[in-house]
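Me: I would like to go through the labels attached to this structure one at a time, setting each value against the rule behind it.

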Amino acid sequence: MYLLAIDWYFILEKAILVAFIVSLSMLVAMYATYAERKIAAFLQDRIGPNRAGPWGLLQPLADGGKLFFKEEIIPLASSKFLFVLGPVLAMITALLTSAVIPWSHSFSVGGREVAMQIADINIGILYIFGVVSLGVYGIMIGGWASNNKFSLLAAIRGASQMVSYELPMGLALIALLMLVGDLRMSSIVANQAGGWHIIYQPLGFLIFFICALAECNRTPFDLPEAENELNFGYHQEYSSMKLGFYLFAEYINMFISGVVMSTLYFGGYDIPFVHEAGWGLDSWLLSLIGFGVLMTKAALFIFLFMWIRWTIPRFRYDQLMNLGWKKLIPLALINMVVTAAVVLWLKK
Amino acid sequence: MNVTQILFWFLSVLALFSALMVITSKNPVHSVLWLIATFFAISGHYIMLNAQFLAIVNIIVYAGAIMVLFLFVIMLMNLNKSIEPQKSKWLKLAGAVAGGCLLLVFVAALKDSEVHLQSAEVNTGDIGLISNLGKALFSTYVVPFEISSILFLSAMVGAVVIGKKE
């Protein structure tokens, strides 16, 4: 069998990058659970986890170990395959999004230019949007396969919430894309060298941020797992690491949406007010600095998500739908039309 | 066989197999999930034809939104094997005959057309890329494009009107 000539270095480079990004997402998600508990403790005037390791730093490992050793329960009346498929899909869709994000400047190793991006496809932002729109299946399938009324209710809530909030998110993105004129993630970052998009699109960012909260099922939009109405919502019947996958996927989603928002509106790996490419640093050092900058921005977003969670109470379901359909969509439409008019006026 | 051919056969088999599973699955939820797999296989074909925008829009609109609503309705109706209404034998036969007639029409329509003489441009051609597609839609085909968008708008208004009636 004849295969096309394959550049093995290319495959190797991408494989290493994929492994790096996936393990990074896992690591960040692990320590996001620790950060969440510490921040919750701080906001509620408690101490938080402090037993496992210094300052409780080993707490995520202890939690993971506990989840692995718990008994695995699959309800008798449910469809076993779909019951397992639910958390798997949640995890896969959470990890897939990171494939088009530009993580930093490219650097050169032995004359090869290595891009810190897995795939720079020319529909980059639509790819993210597509994967996000698939994220709902994890919740829906898991909730349905649990064969439990609370889980089913949660699954249906989650589905309608995610479909509703995708619309204003897409409309906010259209206004952003009018400024850039390209869907590639790398050109969205390059376009912000002069000024971040948040300056030109503050309303668009606000809408995008609210929708990101809703898509990640974070408070004040955590209706699919509202514990005082639905016990635990869609993951009530889950135990052991299958439950862990659902919880983990939420933190990975939070991390990735922080990175996406930094990339779209806050210049990605760009350092504000300086021209770091002119410092004459080694390319790998520059790449490392850019990566650190992007991580810092993402960490700030994760903190913001947690701050909101422990400050703002949950919406009622009708309030959620009202906000999505009657406030955010008209606002996003106005934002889109105004942006279009201004872009057209300035280009003339 | 090169990579493109292997991918083509893999995607074709996947598309046909999952399309068959849609109609043979007993459980309607399984049918919907197989239909989603079919959409993914078709999107793979679009990517091989270098129509990336079409591929991703197929996933966003069909797999990501319409199938969610399908799943939604089926879950709410709570269909399962025990309460599934069994159609009579004659109705099944009539369905098979009607489907066969449709197949016949398709085959007859495509047999004498020029379609099978043209081979698909795999991995080449750039009309499917988003900027070219946008230019074609908003210059050459602007009238049909606008008319279909008005159609969608009227459908949306109709849905809101029906939804508001209490």
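The exchange below takes up the interface, the charged pairs and the aromatic rings in turn.

Reply: Before the labels, some conventions: this is a predicted model, in which local features need pLDDT of at least 70 and side-chain atom pairs count only at pLDDT 80 or more, while totals for chains, interfaces and linings use all residues. Residues are numbered from 1 along each chain as its sequence is written, chains are lettered from A and ligands numbered from 1 in the order in which they are written, and side-chain values use heavy atoms, with hydrogens and water left out.

Me: How many residues of chain B are in contact with chain A?
Reply: Contact means heavy atoms within 4.5 Å, and by that rule 25 residues of chain B touch 25 residues of chain A. The buried area, which is the accessible area (1.4 Å probe) that two parts lose on being put together, summed over both, is about 2,300 Å² here, with carbon and sulfur atoms giving 80% of that area. On the side of chain B, the residues that lose the most area to chain A are B:Ile60, B:Phe72 and B:Met75, together 24% of what that side buries.

Me: What is the count of salt bridges across the interface of chain B and chain A?
Reply: A salt bridge requires a side-chain nitrogen of Lys or Arg within 4 Å of a carboxyl oxygen of Asp or Glu, and the rule finds zero of them between chain B and chain A. By class, the side of chain B that touches chain A has 20 nonpolar, five polar and no charged residues, where Ala, Val, Leu, Ile, Met, Phe, Trp, Tyr, Cys and Pro count as nonpolar, Asp, Glu, Lys and Arg as charged, and the others, Gly among them, as polar.

Me: Why is the pair A:Arg309 and A:Glu36 called a salt bridge?
Reply: The closest N and O atoms of A:Arg309 and A:Glu36 are 3.0 Å apart, which lies within the 4 Å allowed, and therefore the pair qualifies. The two residues are 273 apart in the chain, A:Arg309 in helix H12 (residues 283-309) and A:Glu36 in helix H1 of chain A, helices being DSSP runs (H or I, at least four residues; strands are E, at least two) numbered from the N terminus.

Me: What makes A:Glu36 buried?
Reply: Buried means under 20% relative accessible area, exposed over 50%, and partly exposed in between (1.4 Å probe, protein chains only); A:Glu36 has 3% and therefore counts as buried, whereas A:Arg309, at 28%, is partly exposed. In another salt bridge, A:Lys242 and A:Glu72 have their closest N and O atoms 2.8 Å apart; A:Lys242 is buried at 8%, while A:Glu72 is exposed at 52%.

Me: Why is the aromatic pair of A:Tyr31 and A:Tyr34 called edge-to-face?
Reply: Rings of Phe, Tyr and Trp (its six-membered ring) pair if their centres lie within 6.5 Å, and planes under 30 degrees apart count as stacked, over 60 as edge-to-face and the rest as tilted. The rings of A:Tyr31 and A:Tyr34 are 6.0 Å centre to centre with 70° between the planes, so they satisfy both the distance and the edge-to-face criterion. These tyrosines are three residues apart in helix H1 (residues 8-43) of chain A, which means that about one helical turn separates A:Tyr31 from A:Tyr34.
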